[in-house]
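Biologist: I would like a close look at a single part of this model. Please build outwards from one side chain.

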Amino acid sequence: MTFGCEDPHHCITCADEGVEMRVVAVDSARGLALCEASGGERESVEIALVDTVAPGDALLVHAGTALARLDVSEARA
């Protein structure tokens with residue numbers, strides 16, 4: 001049996017929606033980034049699961065954790 005993820009914006013485990021957020025600032029020492037959603041909401045996000053991030057990067061965030069960095073083709077407008 002093969003499992004796939006056809007929609008990269010939803011969690012395959014719990015079906016909750018991942019939220020695209022933009023990195024505003026990075027605290028590398030603590031492994032956190034201050035991120036902003038499209039509606040302007042800001043929150044601290046754990047970045048341990050993704051490679052080095054920088055301000056302006058788009059991340060897919062679920063439950064306060066960045067799951068992936070989105071490239072231009074994956075990021076929502």
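What is the relative accessible area of R22? Please go on to its salt bridge, its strand and the core beside it.

Modeller: This is a predicted model, in which local features need pLDDT of at least 70, side-chain atom pairs count only at pLDDT 80 or more, and totals for chains, interfaces and linings use all residues. Residues are numbered from 1 along each chain as its sequence is written, and side-chain values use heavy atoms, with hydrogens and water left out.

R22 has a relative accessible area of 39%, so it is partly exposed. The classes are buried (under 20% relative accessible area), exposed (over 50%) and partly exposed (in between), with a 1.4 Å probe and protein chains only.

R22 forms a salt bridge with E20, at 3.6 Å from N to O. The term means a side-chain nitrogen of Lys or Arg within 4 Å of a carboxyl oxygen of Asp or Glu. The partner E20 is buried, because its relative accessibility is 16%. Side chains of opposite charge can pair when their charged atoms come close.

By this rule the model has 4 salt bridges. Another of them joins D27 to R30, also listed at 3.6 Å, N to O. D27 is partly exposed at 27%, whereas R30 is exposed at 61%.

Now the strand. Strand β1 covers residues 19-27. Helices (H or I, at least four residues) and strands (E, at least two) are DSSP runs, numbered from the N terminus. Strands pair if DSSP finds at least two bridges between them. β1 has two antiparallel neighbours to consider. With strand β2 (residues 32-37) it shares 6 bridges. With strand β4 (residues 58-62) it shares 4 bridges. β1 and β2 form a hairpin with 4 residues between them. G31 sits in that turn and has a positive phi of about 70 degrees.

Across the β1-β2 pairing, R22 stands opposite E36. The salt bridge of E36, however, is with R42, with the closest N and O atoms 2.8 Å apart. E36 is partly exposed, since its relative accessible area is 29%.

Strand β3 (residues 42-46) runs antiparallel to β2, joined by 5 bridges. L32 in this pairing has E46 as its bridge partner. Again there is a hairpin with 4 residues between the strands, and G40 in the turn has a positive phi of about 95 degrees.

Next, M21. It faces A37 in β2 and L59 in β4. In a regular strand the side chains alternate between the two faces of the sheet. M21, A37 and L59 all belong to the largest nonpolar core, which has 12 residues. Such a core is a set of buried Ala, Val, Leu, Ile, Met, Phe, Trp, Tyr and Cys residues joined through side-chain atoms within 4.5 Å. Its other members include V23, A33, C35, V45 and V61. β1, β2 and β4 are the elements that give two or more residues to this core. β2 gives the most, with 3 residues.

C35 ties the picture together. Its contacts (heavy atoms within 4.5 Å), not counting residues up to four places away in sequence, are M21, R22, V23, V24, E41, R42, E43, V45 and L59. So where you began, at a partly exposed R22, you also find a contact with core residue C35.
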